[in-house]
Amino acid sequence: MINILLVTHGNFGKELLKSSELIIGPVENAESISFQQGDSFETLLNKVEESVARLSKDDLIVFTDMYGGSPFNAVSRSMKNNNFYHITGINFPLFIDIAVNRDTYGLEEIAEKIIKNGKKSIVFVNEKFLTD
């Protein structure tokens, strides 16, 4: 099974886990690290390093919420010494997709699937109603 680590600003990752359980039930082998106001970057980096070391014994995908933010930078720095996939821009539909399909596909396949489906998960609803 592919392990999941969410590293986000505030409680976004924790709430993403909780919300997904309403739809798909418990999500095994998934953890979240929250970067709160007042936390130092070094503390965040240490938490990321500890979680990655523990979770990367198996395949691991780490999701961050925003390109260039502190969670993104901490995970990117951790990539130098560890082997895992890092995808940024996580949202609710993408998270459910990976949580449901991570037993079906390999790590590379699931990463490709996420990138492809990510583009489909953002919809301009006004335009959709005009064309349907």
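In this predicted model, a nonpolar surface patch is formed by Leu22, Ile23, Ile24, Phe92 and Val100, which together have about 480 Å² of accessible area. Two elements, helix H1 (12–24) and helix H4 (92–101), each give two or more residues to the patch. H1 gives the most, with three residues. Val100 belongs to helix H4; because its relative accessible area is 46%, Val100 is classed as partly exposed, the range for that class lying between 20% and 50%.

The interior contains nonpolar cores. The largest has 19 residues, and those with the most contacts inside it are Leu6, Ile61, Phe63, Phe95, Ile98 and Ile114. The elements S1, H1, S3, H4 and helix H5 (107–120) each give two or more residues to this core. Apart from the largest core lies another one, of 14 residues, including Val7, Ile33, Val52 and Leu55.

| Nonpolar core | Size | Residues named |
|---|---|---|
| Largest core | 19 residues | Leu6, Ile61, Phe63, Phe95, Ile98, Ile114 (most contacts inside it) |
| Another core | 14 residues | Val7, Ile33, Val52, Leu55 (among them) |

Leaving aside neighbours within four places in sequence, Leu6 is in contact with Gly13, Leu16, Leu17, Glu31, Ser32, Ile33, Phe63, Ile90 and Phe95.

Helix H3 (residues 70–78) has as its buried residues Pro71, Phe72, Ala74, Val75 and Ser78. Viewed down the axis of H3, these buried residues fall within an arc of 165° and therefore line one face of the helix. They pack against strand S1 (3–9), strand S2 (30–35), helix H2 (41–55), strand S3 (60–64) and strand S4 (85–88).

Definitions and conventions: Residues numbered from 1 in each chain as written. Predicted model: local features only at pLDDT ≥ 70, side-chain atom pairs only at ≥ 80, totals over all residues. Heavy atoms only, no water. Patch = residues over 30% accessible without salt bridge, like charges linked within 9 Å, V, L, I, M, F, W, Y side chains within 5 Å. Areas by Shrake-Rupley, 256 points an atom, 1.4 Å probe, with all protein chains shown as cover. Salt bridge = Lys/Arg side-chain N within 4 Å of Asp/Glu carboxyl O. Helix = DSSP H or I, 4+ residues; strand = E, 2+ residues; numbered from the N terminus. Buried < 20%, exposed > 50% of the residue type's maximum accessible area, 1.4 Å probe, protein only. Arc of directions from axis to C-beta. Contact = heavy atoms within 4.5 Å. Core = buried A, V, L, I, M, F, W, Y, C linked by side-chain atoms within 4.5 Å.
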